[in-house]
Each structure stands twice: as C-alpha cells, then as structure tokens.
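Dear colleague,

Please find below the structure that I am handing over to you. My findings follow directly after it.

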Amino acid sequence: MTNHPFPLFFFEHQTKSLDALGWRFDDPILDLMEQINQKNLAPIFRLERRRVGATHFVGFIQVANESIQILPKIYFKGDAESPADSPEFADAVATASFNLMVMLGAVLNHPLKAKDISALRTLKTNWLEMMIRMFAVELYSQCQGGLEHQYISRQESLPYIKGRWLVEHSLARFALSPTQFDLVVDEFSPDTLLNRIFALTIQELIALTHDLTNLQLLHQLQNWFSEASPAPHSIVLDLNRVTFTRLNERFLFAYQLARLFWERQILVLSDGKTRGISFLLDMNLLYERFLSWILGRYSAQIFPREWGITHIIFQSRGQIRYLGKELEINGEKPVFPIKPDAILFQNHRPFLVLDFKYKTAPASDEAHGVPQGDIYQVLAYTKALKVPRAVLMVPASQSFRTVRKFVFDDVEVRTIPVDLNQPLDQLDILVRELRHSFMA
C-alpha cells in the first residue's frame, strides 16, 4: 500500500485523480473503499476508473499507515480548493472540523461549553483528533469526581466467612473439609458495564490518535480505568444495556460519544490480514437533526411572535401521514406515506411545513439554487396537511444567499439559506439570521 503523510483529506463531493493521490489502479486502499461501499446502505465513495470521489458522508477510514478523512464544506476560514499543503487548506480543514464537532455536540443535546470550545480551538488539526479530544476532555473532567462504582456480587471460596454464606452449597462441597466456605461477596467495584465500555473505547482511541496531548489524556484515563475489564466481543450488546440514574448521569455525554464511535464504525480487512476501520456520518441526517435542535431550542427567538406557534412536531416524534388513498373493493387504504422534517402548529392546527435539505441545485436550476424535486416534495406536504405555506431550508451557497418566495396557486413556498460557513459555536448570530429569514 502506498504511504502518505497522515492524513489524506477529501471534502464532501470532492473528486481526485489516482495520479494526484499517488495510488495505483490496484492499490489495496481502493479495495478497502469498495468494501466500505458494500457494507453501507449507500455509496460512501464514487469509484471511477482513474478517479475517486467523496459523497455526502463524512468521517475517516484508516488501515495500516493509510488514513483518509472526509470533511463537510462548512469551514469559515481558508479554502478547500487550495493545494493540500497550503495554509489556506489547513485552515479549511481546522474550521470545518471545529464546526462539525459543534454540530455533533448539539445533536447529542450537549452544546459545547467554554472549556470544550477552548480545547477544540487550540487543536489545529483534523476532526478525528477533535472528536477524540472532546471525548477525552469530557471523560477526564467527569472522572475528577471519581469513577462510577457499583456493588457487584462475586462468588468465592474462602477459609473464613465474609459476606453471605451459601450454607447448603458449602456443606455439599466441603463436608469433609469444613475449613472452606462458599460465599457471595458484594464488592463496591469500578468494574461496571459503563466503565468497561469506556476502557475499551480508550484502548481503541489510543491506537487511532496521532496527537500527543490526546495520547497523554487517554493514557491517564487508561490508568484510571485499569480495574475495568473490557469485553470487545460484547460491545454492541453492552451499549444497549447501560442505564443512567442520578448517580452516573454526569457520564452521559462521554457515553454518547463512545456509543457514536462504536455504532458508526465499520471494521474491514484491507488484504485479508490487515485490520481497517472506518467511522462515517451521513451529513444529510446530521444537518436535519442540527436544524431540529436549533429550531426546537430557540423557537421563541426565531419564529415571529404574531404567528402564535403553540408547538412543533419534528420528524423523529411525529406520526406518519399519507398523501392519498387507494380504492379497494372492501374500502380504501392510505398510500404514499410522507414525513416532513417539522410541522409548526398554530392553535394546535398545522400552520406551516418545514423541510431540511442538505444540498443545493446547479446555478442554472429554475428554482435558483434549490433542487426542483424538493419544491415538488414540500408541495405534496402542504396538500396532505392542508396548510397554505411551506419552508425549505438548505445550506447557503454562491447561487443561493437570500430568501426566495414562490407561489403555487394558493400555496406559498419559501426557501431559506442556512449559513454554515461561520463559527457555529456563536449560535446567537445564526439564530438572528434565521429569525430575519422567517420574517422576510
């Protein structure tokens, strides 16, 4: 496998030639990419004869000495189209990585605090290292108050009585040697399910990081969690068995980051022997959840007061509705299910439909930066819900930077640009922009 400086970067939808990458047409990394495409429900990479392209998935893949990171084009400094060894490209990588971490924190319902932002802003590197730093700093901070401990029952045979004596069991086993006792001992131990997950995550991240500070933090954490015994083969089941109470809820965000790492990774083999790993996020889904979080959290500041919005139902909590009905001999049944990203209610009746699309159309598109198919889709939503207005929210682009309004008979569709190319930790600016767009 060809070795490259760590790491090699793509931005979403960016295409590079094999010659520019220094890869041969039979390079094992291409087999790895093909494996990832096959294991995922949607293609992660566009593999052409002499070119390789990224799609809307972002993340990283790593195998042997080869590492590729894919970033969204949400940078607020630098230029993704500059040469890879230029300061402008490095700035684009750092700021896109930072914004990606802000979005992740938001969708996990943990907006970044000052300490998180400070730690990430000083980390002039890629988003994988930023994610590791966020996990390590958060877990390190919570461990200052001690690790989670629970009473764990263990069965032991001892020459003295300690804990609960299993009398019948002991008499059966040690009738001829009454100096031994079978006992159940309750030990206040840090070897809990949650700590075992943390210990295994720390172990995996130590193998991935190339940042000295991250490595130091992880090694310190590894020492603290040394009494926890990780179980790699049951990690998926263990993630679903963890429960949180008021005694351990301070570890929830660190657990969510660890869970995200395990659930979004795909283990692959490069050449049948070399272990490879990929961690991938769907930017379409991340964008939808980020906007849902902002609109839900700041609805009073964003939507005009005169609208009288009583509540919002987001896709994750809404019921499926149907566009039409199919006539049958015995009656009719609903067909063509629809599920808008959000519905605003006025006096508890549907008032406005919201749809979030992480894409833009070519500048030549008649809808001026908005794919026409998405306009047709929101029109279908308005018909099914019997509402006269809809809003389509898409990322701002060179061809789409102002609010546009379209009228279709008695339905108004508004398209709103969402500027992600700014520091997303300064949410007051984005909230102000969205309020202005809804009032325009």
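**Leucine 194 and its surroundings**

Leucine 194 has a relative accessibility of 2%, and therefore counts as buried, the cut-off for that class being under 20%. Please bear in mind throughout that the model is predicted. Leucine 194 is placed in helix H7. Leaving aside residues up to four places away in sequence, leucine 194 is in contact with Glu148, Val242, Phe244, Asn248, Phe251 and Tyr255. One of these contacts, phenylalanine 251, is separated from leucine 194 by 57 residues in sequence, while the C-alpha atoms of the two are 8.9 Å apart.

**The chain as a whole**

The protein chain has 440 residues, of which 50% count as buried. Its secondary structure consists of 14 helices and 19 strands. If one takes the contacts between residues at least 6 apart in sequence, 63% of them join residues at least 24 apart.

**The cavity**

How many cavities of 30 Å³ or more does the structure hold? There is one cavity of that kind, and the space in the largest cavity comes to about 70 Å³. Its lining is made up of Leu128, Met131, Ile132, Phe135, Thr201, Leu205, Leu257, Ala258 and Phe261. Two or more lining residues are given by each of helix H5 (127-143), helix H7 (193-208) and helix H10 (252-263). H5 supplies the largest share, with four residues. H7, which contributes to this lining, is also the helix that holds leucine 194. In terms of character, the lining has eight nonpolar residues, one polar residue and no charged residue.

**The six-stranded sheet**

Six strands make up an open sheet with mixed pairing, in the order E12-E15-E16-E17-E19-E18. Strand E12 (309-314) and strand E18 (404-408) are at the edges; each has a single partner strand, so one side of each has no neighbour in the sheet. On average, and with direction ignored, neighbouring strands of this sheet are turned by 20° against each other. At the E12 edge, five bridges connect E12 to strand E15 (residues 342-346), and the two run antiparallel. Within this region, isoleucine 312 lies opposite leucine 344 in E15.

A helix also packs on this sheet, namely H11 (residues 283-297). H11 touches E12, strand E16 (349-356), strand E17 (389-395) and strand E19 (411-418). The direction of H11 makes about 140° with that of E16.

**The three-stranded sheet**

A further open sheet is formed by three strands in the order E2-E4-E3, with antiparallel pairing. Its edge strands are E2 (15-17) and E3 (45-47), each of which pairs on one side only. From one strand to the next, the twist averages 20°. E3 is joined by three bridges to strand E4 (residues 51-54), and these two strands run antiparallel. Leucine 47 has valine 52, in E4, as its bridge partner.

Which helix packs on this sheet? It is helix H2 (residues 28-39), which touches E3 and E4. The direction of H2 makes about 125° with that of E3.

**In brief**

To recapitulate, leucine 194 is a buried residue of helix H7. H7 is one of the helices that line the largest cavity. The two sheets described above have mixed pairing in the case of the six strands and antiparallel pairing in the case of the three.

With kind regards

Notes:
Residues are numbered from 1 along each chain as its sequence is written. This is a predicted model: local features need pLDDT of at least 70, side-chain atom pairs count only at pLDDT 80 or more; totals for chains, interfaces and linings use all residues. Side-chain values use heavy atoms; hydrogens and water are left out. Two strands pair if DSSP finds at least two bridges between them. Axes are lines fitted to C-alpha atoms, for helices over the stretch in contact, and angles run from 0 to 180 degrees between N-to-C directions. Contact means heavy atoms within 4.5 Å. On a 1 Å grid over the protein atoms alone, a cavity is a set of points where a 1.4 Å probe fits but cannot get out, and a pocket is an open set with protein on both sides within 12 Å along at least five of seven lines; lining residues have an atom within 4 Å of a point. Grid points are joined across faces, edges and corners, and a volume is the space filled by probe spheres set on the points. Ala, Val, Leu, Ile, Met, Phe, Trp, Tyr, Cys and Pro count as nonpolar, Asp, Glu, Lys and Arg as charged, and the others, Gly among them, as polar. Buried means under 20% relative accessible area, exposed over 50%, partly exposed in between (1.4 Å probe, protein chains only).
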